[in-house]
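User: I am learning how to read the places where two chains meet. Could you take me through one example with care?

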Protein chains: 2
Amino acid sequence: MLDPVSRVRRFNRAVTSAVGALDNSFLGRGRPLGAARVLNAIGHGRSDVAEIRDYLGLDSGLMSRLLRTLEDEGLVETTAHADDARRRVAKLTRTGRREFAAYEALSNAQAEGFLARNAQAEALLAAMDMVASALTRERVVLDEMDPQSEEARYCLGEYYAELGRRFKQGFDVSLSRDPDAKDMRRPRGTFIVAMSDTLPIGCVGLKGTDRGYAEIKRLWVAPAARGLRLGRRLMDAAEAAARELGIALLRLDTNSALPEAGQLYRTTGWREIPRFNDDPYPDLFFEKRI
Amino acid sequence: MLDPVSRVRRFNRAVTSAVGALDNSFLGRGRPLGAARVLNAIGHGRSDVAEIRDYLGLDSGLMSRLLRTLEDEGLVETTAHADDARRRVAKLTRTGRREFAAYEALSNAQAEGFLARNAQAEALLAAMDMVASALTRERVVLDEMDPQSEEARYCLGEYYAELGRRFKQGFDVSLSRDPDAKDMRRPRGTFIVAMSDTLPIGCVGLKGTDRGYAEIKRLWVAPAARGLRLGRRLMDAAEAAARELGIALLRLDTNSALPEAGQLYRTTGWREIPRFNDDPYPDLFFEKRI
DNA sequence: GATGATATCTGACTAAAGTCAGACATCATG
DNA sequence: CATGATGTCTGACTTTAGTCAGATATCATC
């Protein structure tokens with residue numbers, strides 16, 4: 001009853017019935033679930049027919065028929081793909097967008113209802129983030145993004161907030177050497193965000209300099225995503241990007257108040273070096289030749 | 001993307017696909033999901049056909065046919081109910097138990113695999129408990145149980161551990177007036193456990209005395225279940241039980257290090273009274289006439 | 001023991017989901 | 001431009017799920 005496996009299974013039972021309830025509310029719009037799922041996949045930006053089929057795990061025959069019924073209802077239009085006329089691209093018509101919005105409203109209402117029923121919403125959301133991150137860990141994708149994109153700014157905000165909590169003296173961005181966004185764009189550097197579905201759960205910056213090396217900056221992993229070895233994946237991706245950009249030497253600075261970071265660097269081929277800048281926050285400096 | 005509703009919806013998507021994967025592994029045993037579900041419901045102790053039908057939300061015709069296919073496979077036997085021959089009772093045959101065990105093994109393997117893939121298992125399990133409790137809050141049932149049952153002892157263990165964390169000086173059960181189990185059994189008193197599915201998530205004891213009042217003891221709500229107003233429900237149930245037992249006056253002691261408890265008592269008709277025992281831990285005393 | 005209620009079962013459906021083989025157009029390649 | 005590969009579509013299925021109207025047996029009650 002109380003062993004870990006039972007707890008996981010209790011969780012499974014609880015969410016199974018919640019998921020079933022949401023499916024039921026979708027049926028309320030008088031369309032079989034299969035068609036509703038295709039409509040929603042298109043609404044969420046999946047346009048390539050093969051991609052949708054793959055995402056929903058449908059047979060090509062079935063997929064084709066579902067698309068046909070949506071076309072007959074006037075909700076979807078399909079056209080040949082611009083680069084390859086064998087492939088088909090689906091998009092919503094005006095009516096289709098309206099119908100999609102109705103499904104979105106159902107989903108949102110369900111989520112809002114759930115939140116409204118529960119006090120302690122923040123603790124609950126943090127728990128849901130954690131579970132969702134663990135469930136989708138195989139599907140975390142690392143995307144290179146502009147350091148001023150919404151996703152990147154979210155990560156950086158969380159990162160600064162965490163430093164503020166972790167450092168005894170707090171953390172004030174303006175005192176730190178805040179890297180210029182332009183140094184973290186190709187071809188000088190890059191900025192990588194780890195996305196779990198639509199939620200950014202980690203980031204790392206590669207900042208180009210004119211001093212014969214590039215710096216790793218802003219490595220952050222969301223609390224909900226710790227234990228998934230995401231820090232390592234982000235560092236690997238940053239190194240790979242550096243190699244692509246012809247960078248041979250990497251440096252970084254960190255603080256001993258972040259022991260898990262130091263640990264990661266030490267076990268992945270970085271070696272400690274003397275201070276190489278005058279930023280007030282770091283007290284540990286590393287270098288890696290790649 | 002980052003608003004609460006989106007986070008809930010991301011969670012929904014994550015668990016939807018996890019649930020789908022488990023359903024798929026069930027299909028691997030060559031039996032449609034409907035039949036597998038009935039078999040598993042019986043295996044988990046639901047024997048009454050009407051109860052299973054209700055639990056799974058099936059039409060009586062469909063239920064009947066699913067039972068027939070399981071009987072034809074030799075997995076299930078149905079007999080008339082001892083008290084009412086209209087009702088049917090299903091039980092697994094020897095082969096049925098073996099088949100049920102195979103499904104259990106699949107579920108367990110899935111859960112174990114999930115746990116094995118994730119470090120930080122305890123944090124993750126706590127998060128899953130919290131989410132599951134929130135999802136099933138309408139289905140929390142309060143059961144009177146023996147204070148020495150496994151469920152009760154689990155609750156008490158968690159309760160003591162929490163006091164140890166909350167009290168500056170720690171908490172040692174042996175120093176406290178640990179109520180005798182026999183005082184928390186009918187007809188002197190009772191012990192109530194809040195069960196969410198198979199997990200105990202809260203408890204309260206009603207301890208009979210020979211001093212003209214009964215005491216409320218061991219009110220505990222699992223961290224994962226806070227915010228569900230469970231404390232209030234437990235107290236209401238304890239009062240109702242006291243009334244049933246002809247008890248007119250209730251007392252309890254608590255500690256100001258547990259502010260949410262004091263808050264609950266004050267808002268539910270309890271009034272503070274002078275110390276009425278010499279237990280070293282409490283510093284607040286309440287009374288309520290019912 | 002007649003009567004209405006209850007629990008299950010059967011027959012006769014429909015709808016939805018899924019499978020599979022081939023048809024057809026298009027693509028990449030030599 | 002012939003050839004094999006790829007992506008989608010159609011037709012012809014099967015299986016699963018679900019619905020509904022009686023039929024049948026049993027129960028509680030008068």
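User: How many residue pairs are in polar contact between chain B and chain A?

Analyst: A polar contact is a pair of N or O atoms within 3.5 Å, where, within protein, one must be able to donate a hydrogen and the other to accept it, and residues adjacent in sequence count only if both atoms are side-chain atoms. Between chain B and chain A there are 26 such residue pairs, both residues at pLDDT 80 or more. This is a predicted model, in which local features need pLDDT of at least 70 and side-chain atom pairs count only at pLDDT 80 or more, while totals for chains, interfaces and linings use all residues. Residues are numbered from 1 along each chain as its sequence is written, chains are lettered from A and ligands numbered from 1 in the order in which they are written, and side-chain values use heavy atoms, with hydrogens and water left out.

User: Which side chains meet in a salt bridge?

Analyst: A salt bridge is a side-chain nitrogen of Lys or Arg within 4 Å of a carboxyl oxygen of Asp or Glu. By this rule 12 are found across the interface of chain B and chain A, including the one in which Glu138(B) and Arg117(A) meet at 3.5 Å, N to O.

User: Is strand S4 of chain B buried or exposed?

Analyst: In a regular strand the side chains alternate between the two faces of the sheet. Here 7 of the 7 residues of strand S4 (residues 190-196, a DSSP run of E of at least two residues) of chain B are buried (under 20% relative accessible area, 1.4 Å probe, protein chains only), so S4(B) is largely enclosed by the rest of the structure. Thr190(B), Ile192(B), Ala194(B) and Ser196(B) lie on one side, with Phe191(B), Val193(B) and Met195(B) on the other.

Methods. Buried < 20%, exposed > 50% of the residue type's maximum accessible area, 1.4 Å probe, protein only. Helix = DSSP H or I, 4+ residues; strand = E, 2+ residues; numbered from the N terminus.
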